[in-house]
Amino acid sequence: MSTEAPPTNYFSNCTHCGFCLAVCPTYKLTGDENNSPRGRLRLWSEEAAGRLPQDEWTDFYTAECVGCLACETACPATVPYGEIFERIRHEHVASNRFSPKLQLRLAAAAVAHPTLFNLALLPARLLRRAGLGLHRFLFPGSPSVLKSTAAYADELMQRHRPTGPRVAFLTGCLMEAMFREINFATVRVLIENNVQVIIPEGQGCCGAFQEHTGLDGVEALREQNRRAFGTLDVDAIVSNSSGCGYALGKALQPGKQVRDVLGFLGELSPVRRQRGRDDGTRVYVDLPCHLVHGQKAAGIPANVLDATGYRWELAPKAKDCCGSGGVYNIQKPENASAILADKSAFLNEAEGAPVILGTSNHVCMMQWHSAGATGLVSRPYEVRHIIQLLDPGENFSIPSNSPQP
Amino acid sequence: MFWSLLLPDSVNQGGWRWRYRECHDDSVASPVKSPLEHQLKALLPRGRVLTSPAQLAGYGADGLGYKNHLPDAVVIPSDAQELAGFMRGAKALGVPVVMRGAGTSLSGGPVAVQGGVIVHTSALKKIQEINTEGFWCEVECGVTLNVLDATLKPYGVFYPPDPSSGPVCTLGGNVASNAGGAHCFRYGVTSNYVLGVEAVLLDGSVHRFGGPAGGRGPWREDWKRFMIGSEGTLAAFTRFWLRLLPLPEKVWTFRATYPDLKTTEAAIHALVAHSSYPAAIEMLDPRGVAMVESSQMACGLPEGSFMLLVEIDGPEALVNARVQSVAELLRHAGSNDVMFSDEDELRQKLWKARKAAGGLLGQLSPAYVVQDAVIPKRALAEVLQLVYDEADDANIRAVNVFHAGDGNLHPNFLFDSRVPGELEKVELISKRLMQRVIEVGGTLSGEHGIGDDKSAYMPLVFGPDSMRLQLSVPAAFNPAHQMNPLKVFDNRHFIA
């Protein structure tokens with residue numbers, strides 16, 4: 001969170017055209033214009049100009065925003081809504097106009113200390129390994145309980161000695177502490193594609209958690225990551241979570257770009273997985289908001305999706321928010337569930353056996369998993385990270401025709 | 001309140017699953033209820049009633065963001081029945097009633113200039129029927145154009161009017177302002193596609209003006225035309241029956257640039273007379289071209305050029321046969337830079353400069369006024385020059401992006417409403433422009449409506465007798481002018 005005063009024309013390039021209304025999940029949900037980007041901008045700017053006193057409703061509508069940034073994509077006047085929203089949310093939390101839930105406060109404090117956070121969630125990794133989900137957000141998976149991604153990557157680098165491009169990999173906090181199997185799969189896929197994987201020491205949480213909650217501490221985390229990533233001599237910095245990648249990108253810009261690992265793989269023509277001819281699997285691909293609206297990527301490259309070997313198609317409304325919004329589904333569970341109900345309804349009738357909902361952000365995966373756990377979707381389906389669908393498994397070798405540096 | 005943070009709710013509610021107390025609307029509602037709020041809540045038991053200052057702030061303006069008029073209350077009826085119930089009780093409220101769709105209007109239409117209650121139709125968004133045999137659909141007034149387009153497409157039909165606000169604007173607003181769009185040169189405007197309107201008057205009575213069979217019912221008179229373009233001054237619309245057309249098999253898009261207005265005009269005249277009968281003829285002036293080229297949307301248009309964008313569509317064989325003759329026509333008029341394509345991706349690229357222009361205005365300037373005059377094509381050069389001269393004299397930036405085929409000008413005047421005197425300068429330029437437009441035989445508005453923004457110019461076009469006659473129409477529907485007062489006629493006050 002930058003601390004300098006906002007520029008005087010902070011809100012003014014919003015011309016009130018209304019193009020953001022049609023893409024805003026909370027406007028679509030409530031039909032209330034105050035609950036839309038142009039409505040919120042109006043409330044904030046009127047308050048800043050002294051024409052509107054502080055009002056509980058301003059706090060309410062501010063807290064309602066999912067932060068999906070679909071409005072930034074829709075905005076013809078390129079209003080930096082996300083930046084403004086983050087600043088206002090931080091102000092609201094700092095002045096007690098808004099209080100993030102206790103669970104989120106605790107988690108925000110914990111993610112700043114990765115060792116502690118990893119240790120605290122060790123039982124959760126054990127439970128997931130044992131096949132005990134126990135919570136609507138915990139999608140099945142089999143994470144390593146003790147071995148870290150850094151140790152695993154070292155091991156595989158020694159074993160396979162890839163010679164291609166060098167990438168620095170952001171392992172993330174929740175991803176590493178809870179969903180480590182996705183990190184392991186990411187390391188395997190990168191190395192199979194002859195990519196050298198470096199896990200920079202001293203990397204911290206990307207800061208997205210603090211950004212989502214409006215709590216203090218973003219700048220310290222950004223500084224920590226600038227030290228860990230800023231001076232590395234690598235071909236790319238990659239992340240397997242679009243939200244974390246977007247947040248890290250904000251810390252490292254200008255100077256260093258952060259790539260989504262799937263976008264990076266798209267340039268390498270990744271190794272293709274072979275599936276049986278009678279495989280009836282159908283993958284429905286959902287695009288995380290922070291990939292398409294935050295990082296402004298066009299999507300997940302088609303050659304990467306083809307390389308999964310499965311028949312795939314974009315999920316309906318793939319660029320619309322699923323309601324996860326980082327921590328929105330914890331802060332505003334009813335809204336999040338209503339948004340998800342609309343997005344996930346198609347799964348009940350979707351063709352394919354089995355059906356996989358594929359995406360590229362672990363918090364979206366948690367949200368999608370909850371659609372089944374809470375009865376919004378009544379038929380069985382799996383939620384997978386696209387990188388998991390490219391996973392060669394433990395026994396792989398780098399193909400001899402891999403591109404050389 | 002802090003104590004509630006100390007315990008996760010799951011402790012109280014049992015089970016491991018996290019549960020969270022929701023911040024319900026009621027928990028932040030103001031404890032003091034005004035009489036108006038009380039009455040409104042009684043009229044809308046299921047819908048929403050907004051009265052807090054921070055709830056009204058979002059409804060102070062439409063697409064003309066710099067003009068702000070706060071309503072006394074906003075209501076969001078949950079369905080058509082509730083809207084009708086509200087209308088039944090609205091007269092007794094004794095305050096103006098202003099209908100609002102997505103609030104993208106560029107004329108100050110859906111804004112409570114005289115205060116009162118804004119009725120936001122955002123919940124009335126059902127597409128009730130698509131009849132592909134009769135080529136019509138039935139939609140509620142709050143359906144947005146993009147949703148209608150996407151829903152119709154799999155049926156191989158489309159609804160032609162395409163205002164630039166299509167991604168968000170509602171049919172209710174389109175019918176109220178008789179919206180047009182880039183393709184109305186051939187396809188015509190909203191009124192050509194409305195078969196019927198269902199409307200509720202202030203006494204709560206529900207009336208149908210036309211229906212799926214259009215004007216071919218028991219009434220020969222085109223009764224529904226009263227409703228189309230009435231800008232919320234007569235009644236609240238609830239639903240429409242709209243005429244559909246088969247989707248064109250083939251579309252070709254052309255983009256040509258011209259060194260001067262004379263050659264551009266030659267091209268426009270030739271296109272209008274050509275048997276290919278273009279669906280759209282759009283133009284961007286050199287100031288618009290310069291704006292696009294100095295932005296991140298630059299697409300290589302020559303400096304100082306006029307850009308024409310043309311589209312032809314129809315049966316594949318027929319349209320394909322005409323492609324070369326259109327390209328030849330564009331070259332013959334004086335362009336050595338003609339590009340055309342029938343591939344979607346390339347067509348989007350050709351459209352890019354035209355589509356980007358509207359948004360770029362917002363990037364350049366905190367506020368803008370867009371005029372909507374329609375002029376005979378022969379007067380184009382003269383009126384454009386007037387726009388340039390007036391704007392340059394006043395040191396105001398002006399960009400012209402418009403529907404050249406039907407002479408519907410959109411000069412955009414860019415200004416900063418926080419700089420004292422700028423708005424007044426723009427209003428003065430607008431007035432002089434309108435005077436000239438009328439002198440050359442043009443009129444005030446092609447597609448945006450008169451609203452609040454252009455009501456002062458009405459006497460330039462209509463004499464006192466005509467104004468009196470026109471005013472008698474809203475008076476017949478709501479004698480006290482309670483519906484959207486001060487719109488279209490600047491003396492149309494609501495007197496409680």
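Trainee: How many residues does the largest nonpolar core have?

Mentor: First, this is a predicted model: local features need pLDDT of at least 70, side-chain atom pairs count only at pLDDT 80 or more, and totals for chains, interfaces and linings use all residues. Residues are numbered from 1 along each chain as its sequence is written, while chains are lettered from A and ligands numbered from 1 in the order in which they are written. A nonpolar core is a set of buried Ala, Val, Leu, Ile, Met, Phe, Trp, Tyr and Cys residues joined through C-beta atoms within 7 Å. Val75(B), Val119(B), Phe240(B), Leu242(B) and Leu308(B) have the most contacts inside the largest one, and its residues number 254.

Trainee: Which helix gives the most to this core?

Mentor: Helices here are DSSP runs of H or I with at least four residues, strands are runs of E with at least two, and both are numbered from the N terminus. With seven residues, the top giver covers residues 180-192 of chain A, and that's helix H11.

Trainee: Leaving aside neighbours within four places in sequence, which residues is Val75(B) in contact with?

Mentor: Contact means that two C-beta atoms, placed from the backbone, lie within 7 Å. With its neighbours within four places in sequence set aside, Val75(B) touches Leu40(B), Leu44(B), Gly47(B), Arg48(B), Val49(B), Phe86(B), Val117(B) and Val119(B).

Trainee: How far apart are the centres of the two domains of chain B, domain 1 and domain 2?

Mentor: The bounds, which come from an automatic or database domain assignment, put domain 1 at 19-247 and domain 2 at 250-439. Their contact takes eleven residues from domain 1 of chain B and 14 from domain 2 of chain B. Taken over C-alpha atoms, the distance between the two centres is 31 Å.

Trainee: And where chain B meets chain A, which element of chain B gives the most?

Mentor: Here 40 residues of chain B are in contact with 39 residues of chain A. Helix H1 (2-6), helix H4 (53-56), helix H12 (344-364) and strand S16 (367-370) of chain B each supply at least two residues to that side. With four residues, the element that gives the most is H12(B).

Trainee: How do the residues on that side of chain B divide into nonpolar, polar and charged?

Mentor: Ala, Val, Leu, Ile, Met, Phe, Trp, Tyr, Cys and Pro count as nonpolar, Asp, Glu, Lys and Arg as charged, and the others, Gly among them, as polar. For the side of chain B that touches chain A, the split is 21 nonpolar, 16 polar and three charged.

Trainee: Over in chain A, why is one side of S2 and of S4 left without a neighbour in the sheet?

Mentor: The open sheet has four strands in the order S2-S1-S3-S4, with parallel pairing. Strand S2 (196-198) and strand S4 (258-260) of chain A stand at the edges, so one side of each has no neighbour in the sheet: each has a single partner strand.

Trainee: How many bridges join S1(A) and S3(A)?

Mentor: Two strands pair if DSSP finds at least two bridges between them. Strand S1 (residues 166-170) of chain A is joined to S2(A) by three bridges. In the S1(A) and S3(A) pair, Ala168(A) stands opposite Ile237(A), and the parallel pairing runs over a number of bridges equal to four.

Trainee: Which residue in S4(A) does Ile237(A) stand opposite?

Mentor: Strand S3 (residues 236-239) of chain A pairs with S4(A) in the parallel sense over three bridges. There, Ile237(A) stands opposite Val258(A).

Trainee: What is omega for the peptide bond from Gln253(A) to Pro254(A)?

Mentor: Most peptide bonds are trans. Pro254(A) sits in the loop between helix H14 (242-252) and S4 of chain A. The bond from Gln253(A) to Pro254(A) is cis, with omega near -10 degrees.

Trainee: Is His16(A) buried or exposed?

Mentor: His16(A) lies in the segment before helix H1 (25-30) of chain A, and it has a positive phi of about 70 degrees although it is not a glycine. A residue is buried with 20 or more other C-beta atoms within 10 Å of its own, exposed with 12 or fewer, and partly exposed in between, with C-beta atoms placed from the backbone. His16(A) has 23 other C-beta atoms within 10 Å, so it is buried.
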